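The following paragraphs lead through one protein model, beginning with a pocket and closing with the overall fold. Please keep the sequence and the coordinates in view while reading.

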Amino acid sequence: VLRLGPLCGDVVPGEATVEQLSTKVELKLRKRESGVQWDDLLDVQSSSDKAAGSASVSSSAPYQQQQQQQQEGPTGSSKQSEKKSPQDWAKLEAELAEIEKNEKPEGEAALQALFKDIYAKADEDTQRAMMKSFQESNGTVLSTNWNEVGKKKVAIQPPDGMEVKQYEH
């Protein structure tokens, strides 16, 4: 049996669950006060309490003894702190979007952002032209003109000073 010193707060003994797996034993306890956040699992008040609160293993009295200890409850709950108010996620998301909007990408990231912006604001034909030209040219051509791209296969156009090599498998 694993014995722990007094917990940092009260728990509801009737709602404790134990799950024994091949690599571990999971013990789930429900806090008596749901809005309270514990800084630590154990209530460590002094160095003498630390020694008494350390984990010890014994072969007697299984799970019931641990439940009984929990029902008695810990003495003092100085480590408890009130839970902070819930985050306003919509406000955080708006702030993050504003920061990202004001952030100016550089180099390759700026080029990718430009293409992404063009694609997002384009009509269906322009998007189709961009996808077809990029895929058929192996990433060497990006066209927005569907009338030109839709009629024929887009040829690979490597940058100056480079040549195309076919993949051999």
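In this predicted model, the second largest pocket holds about 210 Å³ of space. Two elements each give two or more residues to the lining of this pocket, namely helix H4 (108-121) and helix H5 (124-136). The largest share comes from H4, which supplies five residues.

Which residues line the second largest pocket? They are Leu-111, Gln-112, Phe-115, Lys-116, Tyr-119, Met-130, Met-131, Phe-134, Gln-135 and Leu-142. Sorted by class, this lining has seven nonpolar residues, two polar residues and one charged residue. The pocket may also be described in terms of domains: domain 2 (93-120) and domain 3 (122-157) each contribute at least three residues to the lining. As a general point, empty space left among atoms is revealed by rolling over them a probe the size of a water molecule.

The next site is a loop residue. Ser-143 is located in the loop that runs between H5 and helix H6 (146-149). Is Ser-143 buried or exposed? Its relative accessibility is 13%, and Ser-143 therefore counts as buried, the cut-off being under 20%. A polar atom of the Ser-143 side chain lies 3.2 Å from the backbone nitrogen of Asn-145.

Attention now turns to the strands. Strand S2 (residues 11-20) pairs with strand S3 (residues 25-31) in the antiparallel sense, and the pairing extends over six bridges. Together S2 and S3 form a hairpin, with four residues between them. Within this arrangement, Val-18 stands opposite Leu-27 in S3. In a regular strand, side chains alternate between the two faces of the sheet.

Beyond S3 the chain enters another loop, between S3 and strand S4 (36-38), and Arg-32 lies in this loop. With a relative accessibility of 48%, Arg-32 counts as partly exposed, because this class covers values between the 20% and 50% limits. Which residue has its C-alpha atom 5.4 Å from that of Arg-32? The residue is Asp-10, and the two are 22 residues apart along the chain.

These local views can be placed within the whole chain. The protein has six helices and six strands. Their order along the sequence follows the pattern β-β-β-β-α-β-α-β-α-α-α-α. Of the 169 residues in the protein, 15% are buried, and Ser-143 counts as a buried residue.

Notes
Residues numbered from 1 in each chain as written. Predicted model: local features only at pLDDT ≥ 70, side-chain atom pairs only at ≥ 80, totals over all residues. Heavy atoms only, no water. 1 Å grid on protein atoms, 1.4 Å probe; cavity = no way out; pocket = protein on both sides within 12 Å on 5 of 7 lines; lining within 4 Å. Points joined across faces, edges and corners; volume = space filled by probe spheres on them. Nonpolar A, V, L, I, M, F, W, Y, C, P; charged D, E, K, R; others polar. Domains from an automatic or database assignment. Pairing = 2+ DSSP bridges. Buried < 20%, exposed > 50% of the residue type's maximum accessible area, 1.4 Å probe, protein only. Polar contact = N/O pair within 3.5 Å; in protein donor to acceptor, adjacent residues only side chain to side chain.
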